[in-house]
Amino acid sequence: MGPGLIEVWMLYYPIFLKGLVGTLKYAAIAVFFGTLLGCFIAILHLSKNKIINAIAVVYVNVLRGTPLLVQMYIAYFFLPMAFPVMNALSKEQYVILSLILNSSAYVSEIIRGGITSVDKGQTEAARSLGMSSKNCMMQIIMPQAVKNILPSLANEYIAMIKETSLAGTFMCYELMYTRTLLANKFLMWQPLFIIAGIYLVVTLVLSFFVKLLEKRLAASD
Amino acid sequence: MKKLLTVLFVVCMMLNLVACGSNEKENTEPVNPDTQENAWVWDGPKYDEVKETLGAATIDLTAADGKLASILEKGVLVVATSPDYPPSEYVDVNTGDIKGSDMLLAQYIANSLGVTLQIEAMDFSAVLTAVSTDKADLGISGFGYKEDRAEQYELSHGYQSGTAASHHTLMIKKEDLDKFNSLEDFNVEGLKIDAQANSLQHMYVEDQLTNATLTLVSSIDQEILELQSGKVDAVAMDATTAKNYAEQSNGMFVSVWEEKGIEFDLTMYDQTAGNVVAAKKGEVSLINAVNEIIDQMMEAGLYSTMYYAACDDAGVAPGDDE
């Protein structure tokens with residue numbers, strides 16, 4: 001059976017903590033840039049131009065309809081074949097790139113959903129009061145949409161923390177990768193339970209903060 | 001109610017595991033090869049020393065073309081590997097560096113070409129994909145010679161230390177040892193065997209144990225977990241790896257090569273002994289250079305030093321010390 005969980009933790013906790021930092025870092029980068037890109041995609045998606053709209057629909061469907069691991073493999077091996085310039089990117093950058101792209105598809109849907117969830121009557125009222133379309137969006141729709149978007153975005157970050165475990169397949173230093181590291185020390189089952197525990201603690205704590213955020217945002221309703 | 005009981009049972013089991021581990025502390029040392037007493041001792045040069053003093057083979061590079069020419073031009077040799085296979089390739093837990101006898105060989109090849117070495121770590125099955133898609137120039141990951149592999153890739157001459165490796169066997173739970181007396185005893189309907197996908201053992205099980213049920217896993221530690229949890233009856237691996245895992249298991253697992261001399265029949269394959277380096281198909285100039293470097297390395301007896309130093313550094317015993 002080998003040493004117990006506590007012993008392994010005491011021996012190797014710096015490795016697990018370093019893995020956790022990597023996980024949080026990858027998730028943060030993915031969601032931050034995914035949000036920027038996702039805003040752009042959401043705007044395309046809401047466009048009345050059929051072609052622009054179709055591009056966004058295909059983008060979102062492809063990225064949400066295929067597994068992230070498949071996307072990582074394709075990005076890493078075949079993107080540089082299509083675009084030789086991308087050979088300059090490191091393996092870690094490809095992994096981050098696919099995380100960002102994947103996240104952007106989900107975030108764009110969150111943003112689009114947030115905007116469309118605001119009652120149409122709000123737009124009609126604002127427009128009939130003589131507000132410009134841009135003013136109506138910024139002053140009336142967005143403030144209400146943000147209340148819907150923020151908690152979902154935080155949840156996306158929590159989901160991303162779990163998704164980044166796939167980066168371990170490419171030997172990027174995150175939590176799941178510590179399993180590969182310690183397997184070299186012939187530790188088989190202990191790292192898995194420790195890793196699961198860390199993920200659980202982190203996601204539960206973050207979920208708690210999301211709940212607080214939701215309450216705070218709901219206060220003005 | 002039944003569900004609740006199951007959950008309670010699982011929780012108890014887990015606590016039990018934790019408790020077991022801490023109680024055992026007094027009698028058994030934690031499995032930490034740094035502190036563990038190993039019967040095998042290496043008094044030759046240490047890993048870092050070997051790496052520093054590798055030197056280089058002298059080869060003629062004037063006729064270089066194809067990928068070899070572009071490597072020389074870039075000044076970088078990119079090698080893909082799957083670091084889950086000590087002592088051939090593994091990650092140093094403390095520094096995160098990728099080490100191993102294969103990585104010393106990679107360094108030696110880079111030295112000989114006069115370029116810097118860049119190691120890309122990835123999943124075992126991704127290594128060859130990386131080679132064929134030009135992500136890496138060479139794949140060095142304990143590859144053995146396989147015919148279908150040779151059709152898809154340029155494979156180098158074989159390299160191996162002394163009499164090491166070359167035995168491929170199965171590891172089982174100790175309590176099952178009585179059941180198996182020959183390789184044929186594994187060739188039984190319903191017997192479940194694990195092998196690493198695309199590995200040599202994968203081929204051996206497929207060819208020689210046709211009645212058994214083969215399950216493929218992506219890394220060796222998954223095999224161990226499956227054997228431990230009773231999902232499979234045996235796991236296929238090379239004799240060195242089996243020996244090391246058996247030793248680290250506190251008597252839970254045994255290698256049938258060590259105990260009974262059971263191994264896969266390799267005479268049916270027309271294969272190069274030892275491990276090989278893989279390059280993209282058609283890169284003849286590159287593989288010829290690698291062959292020349294490997295030949296010089298084997299002639300100088302350098303590889304054994306690399307292998308033993310890596311064993312020492314990884315805290316595992318080599319397979320050829322009986």
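Q: What makes R179(A) and D221(B) buried or exposed in this predicted model?
A: Both R179(A) and D221(B) are buried, which means that each has under 20% relative accessible area.

Q: Why is the pair R179(A) and D221(B) called a salt bridge?
A: The closest N and O atoms of R179(A) and D221(B) are 2.4 Å apart. The cut-off is within 4 Å for a side-chain nitrogen of Lys or Arg and a carboxyl oxygen of Asp or Glu, so the pair qualifies. This salt bridge crosses between chains, from helix α7 of chain A, which holds R179(A), to helix α8 of chain B, which holds D221(B).

Q: How do you know that the salt bridge of K91(A) and E120(B) joins two chains?
A: K91(A) lies in helix α4 of chain A, whereas E120(B) lies in strand β5 of chain B, so the pair joins two chains. The N to O distance is 3.8 Å, and the cut-off is within 4 Å, so the term salt bridge applies. K91(A) and E120(B) are both buried.

Q: What links D134(B) and K280(B)?
A: A salt bridge links D134(B) to K280(B), with the closest N and O atoms 3.1 Å apart. The two residues are 146 residues apart, D134(B) in the loop between α5 and β6 and K280(B) in strand β13 of chain B.

Q: Why does D134(B) count as partly exposed?
A: D134(B) has 37% relative accessibility. Partly exposed covers the range between under 20% and over 50%, so D134(B) falls in that class. K280(B), at 23% relative accessibility, also counts as partly exposed.

Terms used:
Residues are numbered from 1 along each chain as its sequence is written. Chains are lettered from A and ligands numbered from 1 in the order in which they are written. This is a predicted model: local features need pLDDT of at least 70, side-chain atom pairs count only at pLDDT 80 or more; totals for chains, interfaces and linings use all residues. Side-chain values use heavy atoms; hydrogens and water are left out. Helices (H or I, at least four residues) and strands (E, at least two) are DSSP runs, numbered from the N terminus. Buried means under 20% relative accessible area, exposed over 50%, partly exposed in between (1.4 Å probe, protein chains only).
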